[in-house]
Amino acid sequence: MSLRLGDKAPNFTAQTSIGEIDFYDFIDGKWAVLYSHPADFTPVCTTELGRTAQLDEEFKKRDVKVLALSVDSVEGHLGWIKDINETQNTNVQFPIIADEDRKVAELYDMIHPNASATATVRSVFIIDPDKKVRLILTYPASTGRNFAEILRVIDSLQLTDNYSVATPVDWEHGQDVIVSPAIKTEDIPGKFPKGHKEIKPYLRTTPQPNV
Ligand code: BEZ
């Protein structure tokens with residue numbers, strides 16, 4: 001059965017471009033992004049892994065460990081990383097899992113046989129420090145993902161875990177947020193002293209509380 005939001009992310013050990021890792025030890029109580037790509041030495045994947053490396057500081061700022069995966073070998077990954085670094089002007093330091101036996105791909109349901117019998121699709125899992133799955137995305141092979149969106153969701157999750165708010169459409173860090181429907185309007189000033197707007201009784205906004 002495939003994973004769903006709120007499920008515990010299963011642990012695994014795997015060979016990677018930086019050696020063998022145990023997933024839980026690797027994430028070490030931090031947030032994690034685990035994502036798969038169809039194959040090494042392919043153009044869209046080259047740009048995606050390059051972007052991930054370029055965003056290294058952004059992931060670190062948010063306490064996020066990143067782990068990529070394809071069903072290719074460690075040797076393949078190491079050769080390809082050189083190309084990614086050269087063509088995307090970056091330095092890939094995060095591990096890429098060499099899932100040749102598809103153990104992790106099957107555990108996380110990353111192979112969708114009607115899309116490809118052998119290659120992993122573009123899956124993304126955001127996993128929180130309690131190892132719960134908090135976001136699942138699946139993209140087709142021909143569409144590169146938007147890593148700004150992945151960071152945006154992490155910002156939203158980290159904010160909404162700590163405050164009784166939700167984030168509206170297209171929200172970006174620093175913009176107004178929605179007060180949780182569980183909060184009575186008369187209780188808003190005590191909880192959100194920066195002020196609030198009542199647009200409808202069910203739609204109340206407040207400045208982002210932690211900036
Ligand atoms: C790519 O990464 O460019 C790619 C991989 C598999 C199918 C199509 C494109």
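**Reading the ligand site, a pocket and a salt bridge**

In this predicted model, a polar backbone atom of V44 lies 2.6 Å from an oxygen atom of the ligand.

Me: Which other polar atoms does an oxygen atom of the ligand approach, and at what distances?
Reply: A polar contact here is a pair of N or O atoms within 3.5 Å. An oxygen atom of the ligand is 2.9 Å from a polar backbone atom of C45. For R122, the partner is an N or O atom in the side chain, with a ligand oxygen 3.1 Å away. Taken alone the ligand exposes 270 Å², and the protein buries 72% of that.

Me: Which residues are around the ligand?
Reply: For such a list, a residue counts if one of its heavy atoms lies within 4 Å of the ligand. The residues are P38, T42, P43, V44, C45, R122 and A141.

Me: How is that shell made up by class, and which helix gives the largest share?
Reply: By class, there are five nonpolar residues, one polar and one charged. Helix α2, residues 43-54, gives the largest share of the shell, with three residues.

Me: What is the volume of the largest pocket, and which residues lie nearest its centre?
Reply: The volume is about 200 Å³. The lining has 13 residues, and D56, K60, V64, K65 and V66 are those nearest the centre. Two or more lining residues come from each of α3 (56-61) and β4 (64-70).

Me: How many residues of each class are in that lining?
Reply: Six are nonpolar, two are polar and five are charged.

Me: How should I read a salt bridge, and how many are there?
Reply: Side chains of opposite charge can pair when their charged atoms come close. The cut-off is 4 Å between a side-chain nitrogen of Lys or Arg and a carboxyl oxygen of Asp or Glu. By this rule there are 11 salt bridges.

Me: Where in the chain are the partners D63 and K30?
Reply: Their side chains form a salt bridge with an N to O distance of 3.8 Å. D63 sits in the loop between α3 and β4, whereas K30 sits in the loop between α1 (23-27) and β3 (31-36). The pair links distant parts of the chain, 33 residues apart.

How values were computed. Residues numbered from 1 in each chain as written. Predicted model: local features only at pLDDT ≥ 70, side-chain atom pairs only at ≥ 80, totals over all residues. Heavy atoms only, no water. Polar contact = N/O pair within 3.5 Å; in protein donor to acceptor, adjacent residues only side chain to side chain. Areas by Shrake-Rupley, 256 points an atom, 1.4 Å probe, with all protein chains shown as cover. Helix = DSSP H or I, 4+ residues; strand = E, 2+ residues; numbered from the N terminus. Nonpolar A, V, L, I, M, F, W, Y, C, P; charged D, E, K, R; others polar. 1 Å grid on protein atoms, 1.4 Å probe; cavity = no way out; pocket = protein on both sides within 12 Å on 5 of 7 lines; lining within 4 Å. Points joined across faces, edges and corners; volume = space filled by probe spheres on them.
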